[in-house]
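Got your viewer open and a hand on the mouse? Let's go for a walk, one selection at a time.

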Number of protein chains: 2
Amino acid sequence: MKSEIIRFIESTIRDQGYAGAVIGISGGVDSAVVAALTVQALGAERVLGLFMPERDSAPETTKDASLVCDHLGITRITKPITRILRSMGVYRLQPPSFLVPRKIQEQYVMKKLKEMEKDDIFLQDLRGDGDTAFFRGIAYYRAKHRIRMVCLYLEAEKRNFAVLGTTNRTEALTGFYVKWGDDSADLEPILHLYKCQVYELAQQLEIPDRIRMKAPSPDLLPGLTDEFLLGISYAELDAILMKMEKNLDLSEFKPESVERVRRILTAAGKRRLRNLSITDAKIAG
Amino acid sequence: MKSEIIRFIESTIRDQGYAGAVIGISGGVDSAVVAALTVQALGAERVLGLFMPERDSAPETTKDASLVCDHLGITRITKPITRILRSMGVYRLQPPSFLVPRKIQEQYVMKKLKEMEKDDIFLQDLRGDGDTAFFRGIAYYRAKHRIRMVCLYLEAEKRNFAVLGTTNRTEALTGFYVKWGDDSADLEPILHLYKCQVYELAQQLEIPDRIRMKAPSPDLLPGLTDEFLLGISYAELDAILMKMEKNLDLSEFKPESVERVRRILTAAGKRRLRNLSITDAKIAG
């Protein structure tokens, strides 16, 4: 698993004539794994870690991003994107929160989300149904991911480096990404791996415990975790997805979990389509 | 040609539950055609034109973008992106030019480009070979296109509108677009049309003469036109591409023009690949 990815990175970077690789370091496990693999493929001196915090980022992500870069011996550039988002008018979509202590913010966000139709905020997002406030929230969080992509390319292209993506198979299948945001890169070294396989790899690669042990979070709103949004644990989600992809029996799982996964896949299939053109319409019809 | 596109826009917007459409209006013919078709599909009140000038934009684009929106009766939002690009550090990649009169800038840019290896700036871009100054220029111009994409989505998503792309088939085949920039949208209504077909459609749709008659330009550097970058006229390029796609005889064309198109297609095929993953590598290998 590990050596195949390392060969893939090394040969693609060489064939396409890139001088190195840029990775957006979030402090999470996916970007840590991609960075570690890239260091083994290209050497630490050809890998650049870009950390892009903004107004609503959790303070501990700074420490985590430094930990990853220092551990791997790669150069880290910290580029806060708050001013860029402010010039774009992104923060006007959400009330300012910086005067409220973070703990209170976290309780408030989770309370508000739980008041919404239970765990359906993610399904609503995939389907694109909601009220004005909902759509403003969608525009707000997606702009952050897209600005990060633009910054990654700015740093990469001026050095003739490639942008390495950190999307995994679980995210790709469930639509747990932002179109033209974190899904947009030159190489996707872990796109074929489920989240649980990324964790296995993280252990093999000796990624620091602190990074491997924390709850995966999109770092978009204070207190929000991936598993809250997905409405299911990664362990259960991956187990169901693996069997579904092979058309195997699903009776060992809780029916409500299987139903949850089916609903996510249906919603993800509908709206996450890439550029639709007349040619696609002809193929589909 | 026209009615098929109008049906495609109308049915896709309806099926995917979008409330309307946003189009980036550049003042050029492609965005004018897409906007006109969308007005016929959805009605002018559900179409928003977003005009995004920046420091280096030609002053006449403002007049042209207004002309298009007024002519079609759609709401126009002008959102200058200069401050966003400045916060990102994009302008630091190129010396400031605002103190130099525009006419002098245009002469300077064209002189400098002609001093480079003749018409090969576009091929170099596609291939990704050049020196440090070249890569800084690449990073500089691509960031502008990407920021425009992010702004289009911000305006679209807060209204539950779709982003309509304006890429045509000639651009798609020759790689004449920015990856994760102007190639990234929800619907691509004219992706199946060569540039010369877009002009035919513009005439049918009665797009104002001023828009149809001006030389197509990427509006990236003062004085720079599409045809200078491509190193061939659109008329000749389209004629050759059409025959190539059908494997027809090319002996009626000048050999150097055919060779130019072949070199563009080879370079475009190599670097413009989308997210590469291990799965792709397995298919290709």
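One word before we start: a residue is called buried when its relative accessible area is under 20%, and exposed when that value is over 50%. Keep in mind, too, that this is a predicted model.

**Stop 1: a meeting between chains**

Select E157(B) and R142(A). With that cut-off in hand, E157(B) is buried and R142(A) is buried as well. The two form a salt bridge, and their closest N and O atoms are 2.8 Å apart. Now colour by chain: this pair crosses from one chain to the other, with E157(B) in helix α7 (residues 132-158) of chain B and R142(A) in helix α7 (residues 132-158) of chain A.

Keep E157(B) selected and add R146(A). Here is another salt bridge, 3.0 Å from N to O. This pair also runs between chains, from helix α7 of chain A, where R146(A) sits, to helix α7 of chain B, home of E157(B).

Why does E157(B) count as buried? Because its relative accessibility is 7%, and the cut-off for buried is under 20%. R146(A) gets the label because its relative accessible area is 1%.

How many salt bridges are there over all chains? The count comes to 36.

**Stop 2: salt bridges around 55 and 56**

Stay with charges and pick R55(B) and D56(B). These two form a salt bridge, with 3.0 Å between the closest N and O atoms. Buried or exposed, would you say, for D56(B)? D56(B) is buried, because its relative accessibility is 4%. R55(B) counts as buried too, as its relative accessibility is 19%, while the limit is under 20%.

Hop over to chain A and select E54(A), R55(A), D56(A) and K144(A). Salt bridges link these residues into a network.

While you're in chain A, click P53(A). You'll find P53(A) in the loop between β2 (47-51) and α3 (60-72). P53(A) is buried, because its relative accessible area is 15%. Try a distance label from P53(A) to A143(A): they are 90 residues apart along the chain, and their C-alpha atoms are separated by 14 Å.

**Stop 3: a threonine and a lysine with partners**

Back to chain B. Which helix holds T170(B)? It's α8, residues 169-174. T170(B) is buried, because its relative accessible area is 1%. Show the side chain and look for two partners. The side chain of T170(B) makes a polar contact with the side chain of D238(B), at 2.6 Å. The side chain of T170(B) also reaches the backbone nitrogen of K195(B), at 2.8 Å.

Next, select K179(B), which is in the loop between α8 and β5 (187-188) of chain B. Buried is the right label for K179(B), because its relative accessible area is 9%. Follow its side chain across to the other chain: there is a polar contact with the side chain of D186(A), at 2.6 Å.

**Stop 4: back to helix α7**

Click Y140(B), in helix α7 of chain B. Y140(B) counts as buried because its relative accessibility is 3%. Now add I81(B). How far apart are Y140(B) and I81(B) in space? From C-alpha to C-alpha it's 13 Å, and in sequence they are 59 residues apart.

**Stop 5: two positive phi angles**

Go to N160(B), in the loop between α7 and β4 (161-164) of chain B. Its phi is near 60°, a positive value in a residue other than glycine. N160(B) is buried, because its relative accessibility is 10%.

Now select E206(B), in the loop between α9 (195-204) and α10 (209-213) of chain B. E206(B) isn't a glycine, and yet its phi is positive, at about 55°. Is E206(B) buried or exposed? E206(B) is exposed, because its relative accessible area is 60%.

**Last stop: charges on the surface**

Switch on the surface and select R83(A), R92(A), R83(B) and R92(B). What do these residues make together? They gather in a patch of positive charge on the surface. Zoom in on R92(B), in the loop between α4 (82-88) and α5 (102-115) of chain B. R92(B) is exposed, because its relative accessible area is 67%, and the label starts at over 50%.

Key. Residues are numbered from 1 along each chain as its sequence is written. Chains are lettered from A and ligands numbered from 1 in the order in which they are written. This is a predicted model: local features need pLDDT of at least 70, side-chain atom pairs count only at pLDDT 80 or more; totals for chains, interfaces and linings use all residues. Side-chain values use heavy atoms; hydrogens and water are left out. Patches are made of residues with over 30% relative accessible area and no salt bridge: like charges are joined within 9 Å, nonpolar side chains (Val, Leu, Ile, Met, Phe, Trp, Tyr) within 5 Å. Accessible areas come from the Shrake-Rupley method with a 1.4 Å probe; for residues, only the protein chains shown count as cover. A salt bridge is a side-chain nitrogen of Lys or Arg within 4 Å of a carboxyl oxygen of Asp or Glu. Lys and Arg count as positive and Asp and Glu as negative; His and the chain ends are not counted. The place of a charge is taken as NZ of Lys, CZ of Arg, CG of Asp or CD of Glu. Helices (H or I, at least four residues) and strands (E, at least two) are DSSP runs, numbered from the N terminus. Buried means under 20% relative accessible area, exposed over 50%, partly exposed in between (1.4 Å probe, protein chains only). A polar contact is a pair of N or O atoms within 3.5 Å; within protein, one must be able to donate a hydrogen and the other to accept it, and residues adjacent in sequence count only if both atoms are side-chain atoms.
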